[in-house]
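Colleague: Before I set up any calculations on this protein, could we go through the ligand surroundings and the domain layout together?

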Amino acid sequence: MQRHYRTCNICEAMCGLVIEHEGDQVLSIKPHKEDPLSRGHICPKAVALQDFRTDPDRVTTPLRKRGQEWEPVDWDEAIDYAAHGIRSVQDVHGKDGFGAYLGNPNAHKFANLMTLPRLIKAIGTTQRYSSATSDQIPHHVASIHMLGHPMLMPIPDLDRTDYLLVIGGNPVVSNGSMMTAPDFPGRIDDLQARGGRMVVIDPRRTETARRAAEHHFIRPETDAFLILALIHEVFAQNAVDLGALEGVTNGVEALRDAVQPFTPELAASHTGIDATTIHKLAADFTGAERAVCYSRMGASTQSYGGLCQWATNALNIITGNFDALGGAMFTTPAFDNVGLTRRKGAPRTYPEKRSRVSGLPLYNGEFPSAVLAEEMETPGAGQIKGMITVAGNPVLTAPNGRRIEKALKALDFMVSVDIHINDTTQHADLILPGTVALEEPVYDTVFHSFAVRNTANYADALFDRPKGMIPEWEIFARLGNALTGGRDLGPSPSEQLDHALSRGFHAQAVSVDVLKDHEGSLDLGPLLPCLAPRLQTPDGRLNLCPDVFVADLPRLLAHETPTDRPYVMIGRRQVRSHNSWTQNAPRLVKGRNRCTVQINPQDAGDLGIADGAQVHVASRVGHIVVPAEVTDDMAPGVVSIPQGWGQGGGQLSAATQTLTASINDLTDDQRVDVLTGNAAFNGLPVSLTPVEMPSAQTAAE
Ligand SMILES: Nc1nc2c(c(=O)[nH]1)N[C@H]1C(S)=C(S)[C@@H](COP(=O)(O)OP(=O)(O)OC[C@H]3O[C@@H](n4cnc5c(=O)[nH]c(N)nc54)[C@H](O)[C@@H]3O)O[C@H]1N2
Ligand SMILES: Nc1nc2c(c(=O)[nH]1)N[C@H]1C(S)=C(S)[C@@H](COP(=O)(O)OP(=O)(O)OC[C@H]3O[C@@H](n4cnc5c(=O)[nH]c(N)nc54)[C@H](O)[C@@H]3O)O[C@H]1N2
Ligand code: SF4
Ligand SMILES: [Mo]
């Protein structure tokens, strides 16, 4: 029996694992109790890491489509075919005629992150997309304009705060996002044990809300009113205190002026949280020794995501809780994303560009996922006529996914690097199979930057890849070479990583070899105040009140509760699934159908919908049928459907055993945060009707 230490790289939490195995048989996957970050926490998905390897539906050889059939081809032929397909499209339609969509698993695979830029450069397209604009671009936009760098990301100093205000996040289930916080429940127990409080603002009484000292329902998409009102109150109470950032911060007066209309009374009328409660929230926040406001998916994947993230930072800054212990702090990671990509030279203008059809902003070199379909459909120079997807499933994960699906079908050429034939990749002409976690080295180059404590962990591949497969990163290197005529694969990702570590914050202590020899994660200590010298704004100062956000306030002030349909829909995450792709592990999908529409008892009564009954849910763009789950966890007027389900188009035997539906058959690509381009998944107007069940007699027939 052998023991292997590594971190799980499914979600952002980076839990430390101990894998016992005999040869290539996994005996157990258990939490690493001494891991300095995850402290003995794992979730059921970690155990499924072994299943992804042995999944009978996994693609393990390049597959080329001939008519309706998939034909296995060898790697040389596959790479040639991919390169030829890409260039054939570009010869006719120009470089931008070929688009790229990179999905979420790439963020967890450092070898992909190190190699993909080379491939994208070889393709030479500016039609680039990723899951970021279905997720967190508002956070980057706030960091760009306020701090000068998209990856300079404030992270709640969870282990030292006294007051945690969570707006639109459910870290008990997600284990934190833009806040790597494995064992979030344990950390909240610690917070409470030291006399602290967690307060949750969410239209659903979530698993996180249940552990909070206070939970307030909020009407979806009205969070910016609340946060701006809290800022308004800090000014009204003369409680502004910038702490150590006083000397480097611009825009305090401008912020005071900007929030002037946002009184608690105005916020109450929009949010449904009464003004007295808002006054108290502000008093508690300013009264706490160390406080932090943390807002996530519910406050970023909505129509005012950019304003929410700006306001969240601003609230933390003006209360002395930015770059200060127990507030929002900055990591000093061994792999220093910020330092490695310094924004040197002349000040940049933002957004860097606008999309061809709708004019939505491009940030970080990527267009919003919400415009992907129209960019494929709309004729003219720059129309996308071919696509590569890498570890992405936009048909199930991007807004109005079926519109994307229709457009994918009409492409001249599509290639996907993936592990499955699924709703997206089934439309490819060629699938190039990727390697999975246990067959690859692991180091989290992204999520150490977002963690509540500085640690580092590297582990080599544990198992061999299936016979005939090449490491996933080599696909990108080889395809890049085929496009450019290059020959050299270049340094391996681990060599590149080692070089980057030698330029990071812990260069003396951390290298790939050191980490390899270390059982589990290396502790690099708590977060430290460090912001002032790291600011990368043109004037080197923190900009509390950038014009772009102020200019967006009239749009917020004009916000009206949608009236086109009677209910509003929000999403939800679940412990035993990760986005759209872990659902083919039988151990994670077994049990009752979790793809339900949660609905408040009063609303269900009004509609004549019983618990468990099938419900027809419709939006402007589509409709689905899912079972009802009647629960007073939902705010009245709001319904919730989990994201990531609806597998049906591909060849996924376990995932398709239960009848589920995709939330993104309903979400609307025309609903976006126009400031940042992020999809507004939450707050979608929907109507609900009970599905007429066949009478007992008809059913019997
Ligand atoms: N309505 C709604 N929609 C949402 C969200 C929501 O909350 N509500 N959340 C959004 C968020 S936050 C995100 S991050 C996106 C995610 O959106 P995507 O990144 O598009 O989707 P994933 O489900 O992560 O898809 C992963 C794809 O990668 C493949 N894959 C898995 N592992 C590997 C691997 O090791 N190698 C390769 N090559 N492929 C692999 C899977 O088969 C699948 O096709 O979804 C977004 N969509
Ligand atoms: N188990 C599991 N863990 C995951 C994932 C997963 O799929 N499964 N996905 C990973 C990924 S890619 C990400 S990005 C993170 C996301 O991490 P989180 O942001 O913590 O995840 P969500 O569960 O989407 O939380 C969003 C919360 O916002 C609430 N909400 C919706 N609309 C509004 C609104 O208008 N206002 C307010 N205040 N709240 C609102 C929802 O009810 C929900 O509780 O999770 C990661 N971790
Ligand atoms: S919480 Fe995330 S990182 Fe931790 S074991 Fe589960 S999936 Fe893996
Ligand atoms: Mo995400």
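Colleague: How do the residues of the shell around ligand 3 divide into nonpolar, polar and charged?

Modeller: This is a predicted model, and in it the residues around ligand 3 include Cys 8, Cys 11, Cys 15 and Cys 43, along with Ile 10, Ile 42 and Met 14. Lys 45 and Asn 175 are also among the residues around ligand 3. With Cys counted as nonpolar, Lys as charged and Asn as polar, the shell divides into nine nonpolar, one polar and one charged.

Colleague: How do the residues of the shell around ligand 2 divide?

Modeller: The shell around ligand 2 holds 33 residues, and the closest are Ser 174, Asp 202, Glu 221, Asp 223 and Ser 577. Since Ser counts as polar while Asp and Glu count as charged, both of these classes appear among the closest residues. Over the whole shell around ligand 2, the division is ten nonpolar, 14 polar and nine charged.

Colleague: How much of the accessible area of ligand 2 does the protein cover?

Modeller: A nitrogen atom of ligand 2 is 3.1 Å from an N or O atom in the side chain of Lys 45, a residue that is also listed around ligand 3. Oxygen atoms of ligand 2 lie 3.3 Å from a backbone N or O atom of Gly 168 and 2.8 Å from a backbone N or O atom of Glu 221. Of the 930 Å² of accessible area that ligand 2 has on its own, the protein covers 98%.

Colleague: Which helix gives the most to the shell around ligand 2?

Modeller: At least three residues of this shell come from each of domain 3 (154-329) and domain 4 (562-690). Two helices, α6 (171-174) and α12 (297-300), each supply at least two residues. The helix that gives the most, with three residues, is α6.

Colleague: What distance separates the centres of domain 1 and domain 2?

Modeller: The domain assignment gives domain 1 as 2-54 and domain 2 as 63-134 + 339-524. Between them, 23 residues of domain 1 are in contact with 27 residues of domain 2. Taken over C-alpha atoms, their centres are separated by 25 Å.

Colleague: Why does Met 469 count as buried?

Modeller: Met 469 is placed in the loop between β20 (455-456) and α18 (472-484). Leaving aside neighbours within four places in sequence, Met 469 is in contact with Arg 58, Thr 60, Trp 75, Pro 433, Gly 434 and Thr 435. Because buried means under 20% relative accessible area, Met 469 counts as buried at a relative accessibility of 5%.

Definitions and conventions
Residues are numbered from 1 along each chain as its sequence is written. Chains are lettered from A and ligands numbered from 1 in the order in which they are written. This is a predicted model: local features need pLDDT of at least 70, side-chain atom pairs count only at pLDDT 80 or more; totals for chains, interfaces and linings use all residues. Side-chain values use heavy atoms; hydrogens and water are left out. Helices (H or I, at least four residues) and strands (E, at least two) are DSSP runs, numbered from the N terminus. Buried means under 20% relative accessible area, exposed over 50%, partly exposed in between (1.4 Å probe, protein chains only). Contact means heavy atoms within 4.5 Å. A residue is near a molecule or strand if one of its heavy atoms lies within 4 Å of it. A polar contact is a pair of N or O atoms within 3.5 Å; within protein, one must be able to donate a hydrogen and the other to accept it, and residues adjacent in sequence count only if both atoms are side-chain atoms. Accessible areas come from the Shrake-Rupley method with a 1.4 Å probe; for residues, only the protein chains shown count as cover. Domain bounds come from an automatic or database domain assignment.
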